[in-house]
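Visitor: I am new here. Please walk me through what is shown below.

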Amino acid sequence: MNERNERIHGVACTFRNVSDVFHAAEKVRDAGWKNWDVHTPFPIHGMDQAMGLPRSPVPRLTLLGGITGFITGCLLTWYMNSYDYPLIVGGKPYWSVIFPFPVIYECTILFAAFGTFFGQFIFNRLPHHHHPLFDLPQFSRVSDDTFMIVLEARDPRFHLDDSRNFLLSLGGQEITVIRA
Amino acid sequence: MSNSSPHALTAHWKKFLAVGVVALAIVWFFACKGAGNHDYRQGLSVLVGSLFWISILIGMLMLTMITRVFDAGWAPLIRRNWEHLIIALPILLIIGVAPLAFNSTFRHLLWEWTDATHMLPSGHAVGADPILQAKSWFLNENFFLARIALYVAIFGTLAVLLRRWSFAQDTDRTAGHTHRLHAVSAVGIPLGAITLTMLAFDCLMALSYHWFSTMYGVWFFALSIRLALAVTVILTYKLSNGGWLDGLLNQAHRHVLGCLMLAFTVFWAYISFSQYFLIYTANIPEETFWYNIREIDAATGFKSQWWGVSMYMIFGFFFLPFLSLLPYRTKIVPGRLLTVAWIIVAGALADLWFNALPRQMTQTDLTNYPEGFSVAPFLTSALFLDLLAIIGFGAVVIAIFLRSASRNEAIPVHDPRILESINYHE
């Protein structure tokens, strides 16, 4: 990478309507781009496939949280009722999987929710207080009446002039270079 | 009447009806023969066979009303199949449950509390049982029969109304029918919930009338919805391979059905465990005996066959479908979803058996039966009669389904949300 490219975040290109941006996204996907994004004022059904996005990895952390919670609940009830301070309640055993099940099950849900909540922050790279796109005057229109594709400079395919021409060939309207 | 010609598949309805009639004739023959020998078990096959399908149809009736009230965008395509099916619900109550309840021989054999001369393990006759006397305002024969008639009337009315206006929309294209169906469903959900609760009390819980559980209706609802969803998955799989859903059903429909199956698997486990848990914690003999006879052989004190059935329900009816349904791929790959649906159908049958079959049979030989009773075992040849009854009632249900699909549009062509349903997206 030369010095000029290092200060560039990428190129942004506006599109007029859903159909243009949708087909453009499919072509960017087919060209093999990895670091790029589409910004639209509303969710477009099928856009995740058009962009070739994989499923969110968050459920894996949910499962991990759930398993951790289940084990924590078992250990918690075993330690308190059977090890640290053995206590007979209602003629039930010191520890079995039945009587403390509400505790075990609530711990499972709580930790699974933690996994989901914090997992979402991790995979979305949040909190993220500033983004180079925010400096772009056109970007505010993306929440109103404009659609935008951004090709990022960190993608190995990125080359300023080629990328600009590529976006124009896909039916793009206005090209802007985003300074990092 | 239908605008388009009926699908070729619907022509088979008479064959299914013939199979159903033959199977049910055999089942009723053995049931009557058994009743002649004072054996309740063959009559119970009729009850189990009809309740298996009644449970499925109640689930579908509730899902029809729930998707109406919530205006579910994915639903119309699938809901039309429920609408074809639900009219079988009052019919099955009439040909399955009602003859057992209204015939005094079957009634006295199956529902012991209706037979005042029946001897209990305690040495009392049923007529002198203070526990029955205390609940006789509810458990008396006239009210019982009136309730059975009421179930037919309520479920029948709901099924007829939900079908009539939905089918009317196919021809007159009036959006007003959708609003009318909203209103019927809003009233029908609480009404259906109370009715299915009472039906579960009368047809299953009252088979062992000393016992009571306030969660029983919710358990029956959870089981019904699980079964209805599993059967819907199987049915829509068949209909999208050579039926009228060919090319219409997509991955998102399977995903939504898979998610609902997962949710109700958890809900069923929650309810079933809670019922056990509360009785276990309170430890009151008049409640715990129901689980004791489902775990321990009264004569030997060892685990009985029913313990094996309960373990199957924990691992085969909860953990297996629950863990299988967690990954996203299970919910969208047709073959995998179908496999889980069959696992749920098999487990639901085990659950129905677990609730209906074990009963205390009074024994006078106190040397071999120190408790004064034995418990009906799980593995008997009558299980085959249960399966034949399920096939018989099932064939009748399929015949009714195909006949309805031949006389009305197979999909709701003018439902306001039909395009949304066809193009449903995750």
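**Exposed loops, a cis bond and two domains**

Guide: Start with B:R173 in this predicted model. B:R173 counts as exposed, with 12 C-beta neighbours inside 10 Å.

Visitor: Where does B:R173 lie in chain B?
Guide: B:R173 is not a glycine, yet its phi is positive, at about 55°. Its place is a loop of chain B, the one between α7 (141–172) and α8 (176–203).

Visitor: Is B:H38 buried or exposed?
Guide: B:H38 has 9 other C-beta atoms within 10 Å. A residue is exposed if that count is 12 or fewer. Therefore B:H38 is exposed.

Visitor: What is the phi of B:H38?
Guide: B:H38 sits in the loop between α1 (13–36) and α2 (41–69) of chain B. The residue is not a glycine, but its phi is positive. The value is near 60°.

Visitor: Which peptide bond is cis?
Guide: Look in chain A, at the loop between α5 (101–123) and β3 (147–152). A:P127 is found there. The bond leading into A:P127 has omega near -5°. The cis bond runs from A:L126 to A:P127.

Visitor: How far apart do the C-alpha centres of domain 1 and domain 2 of chain A lie?
Guide: Domain 1 of chain A comes in two pieces, 3–53 + 126–179. Domain 2 covers 58–123. From C-alpha centre to C-alpha centre, domain 1 and domain 2 of chain A are apart by 44 Å.

How values were computed
Residues numbered from 1 in each chain as written. Chains lettered and ligands numbered in written order. Predicted model: local features only at pLDDT ≥ 70, side-chain atom pairs only at ≥ 80, totals over all residues. Domains from an automatic or database assignment. Helix = DSSP H or I, 4+ residues; strand = E, 2+ residues; numbered from the N terminus. Buried ≥ 20, exposed ≤ 12 C-beta atoms within 10 Å, placed from the backbone.
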